Amino acid sequence: MSERSQGFVKQLLEKTREGKLSWTTAFEDGQFKTVLPGGQLAFVVQVKGDVHRFLMLDEKQEAVLDETITKADTEREPAHHPKLMLYLGIGELQALARTQALQVNDKLVQAEQLLGSI
Amino acid sequence: MAIHDLFDWTNASVGAAGLVLTVFALLQATGAKKAAQQASKNIRQHNAEVDFNSLARIAKELHGYVEDGRMSEARLRTTDLRSELATAIRTHGRFVANELSRLRERQIDLKLITEGLNGGPETLSSTERIRLLRITGEILEALAGLSGQFRSQVDTEVSSV
């Protein structure tokens with residue numbers, strides 16, 4: 001299932017970079033969610049310590065995909081192993097989702113302007 | 001000739017009167033059908049208002065439990081809200097079509113809250129507690145807003161009759 005999930009993570013990365021997906025904060029620390037238009041599917045990405053999690057939920061909130069990978073799971077894997085690639089992909093997607101959900105870039109520009117005006 | 005003309009005129013008049021009566025009856029039937037359809041829509045809208053009002057009440061309780069730090073009660077209320085909201089969306093799908101994406105997002109929130117609370121309240125960080133309060137507040141606002149919207153629609157349509 002790792003390869004399938006990896007494909008979704010890749011697509012989500014692309015769509016997020018293109019500004020076609022909107023991520024929002026979810027309940028747990030380091031957790032972000034996006035609901036596709038129409039609400040039929042949702043994706044959740046989470047990085048908590050060295051645990052990376054990726055979830056795909058259907059319209060009944062059933063987990064169609066649920067991947068949890070720890071750093072320890074990937075340490076003995078060779079480069080380009082699906083599990084390692086998924087671990088890295090989830091990390092990248094979570095960072096991107098966080099930047100978008102918390103409007104990090106806008107806030108940094110605002111902070112620079114505020115500090116500059118003092 | 002005159003009798004024939006009179007006969008023709010009488011015939012035409014009876015035909016026209018019949019047509020007028022038929023059109024009138026049709027209009028009345030169409031009006032009655034429209035009124036019946038409107039009444040049925042109003043009843044369904046009223047039911048949606050009642051159901052979403054009850055959902056808002058559960059959401060208010062959930063928000064209150066989170067405020068008081070009563071996490072085991074909050075967990076139970078989250079489960080109730082999840083199942084009731086799923087039922088309401090299925091039942092009133094037509095009326096909530098415009099809000100469906102937002103409601104689905106709330107359902108995802110509730111699912112993730114259930115998961116998070118299942119780990120035990122002692123595992124929650126301070127930021128998670130703050131976030132939980134914010135999310136439950138947003139859920140309450142969304143459900144109360146929908147209930148109010150349905151009430152206002154019913155009131156408007158009833159007063160326009």
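**View 1. Strand S2 of chain A, enclosed by its surroundings.** In this predicted model, strand S2 (residues 31-35) of chain A is largely enclosed by the rest of the structure, because 5 of its 5 residues are buried. Here, buried means that 20 or more other C-beta atoms, placed from the backbone, lie within 10 Å of the residue's own; strands are DSSP runs (E, at least two residues), and helices are runs of H or I with at least four, numbered from the N terminus. A:Gln31, A:Lys33 and A:Val35 point one way from S2(A), while A:Phe32 and A:Thr34 point the other way.

Residues are numbered from 1 along each chain as its sequence is written, and chains are lettered from A in the order in which they are written. Local features need pLDDT of at least 70, side-chain atom pairs count only at pLDDT 80 or more, and totals for chains, interfaces and linings use all residues.

**View 2. S2(A) and its partner S1(A).** Strand S1 (residues 24-25) pairs with S2(A) in the antiparallel sense over 2 bridges; pairing requires at least two DSSP bridges between the strands. A:Phe32 is the bridge partner of A:Thr25. The two strands form a hairpin with 5 residues between them, and A:Gly30 in the turn has a positive phi of about 70 degrees.

**View 3. S2(A) and its partner S3(A).** Strand S3 (residues 42-48) of chain A also pairs with S2(A) in the antiparallel sense, over 5 bridges. Look for A:Gln46, the bridge partner of A:Gln31. This hairpin has 6 residues between its strands, and A:Gly38 in the turn has a positive phi of about 95 degrees.

Conventions: Buried ≥ 20, exposed ≤ 12 C-beta atoms within 10 Å, placed from the backbone.
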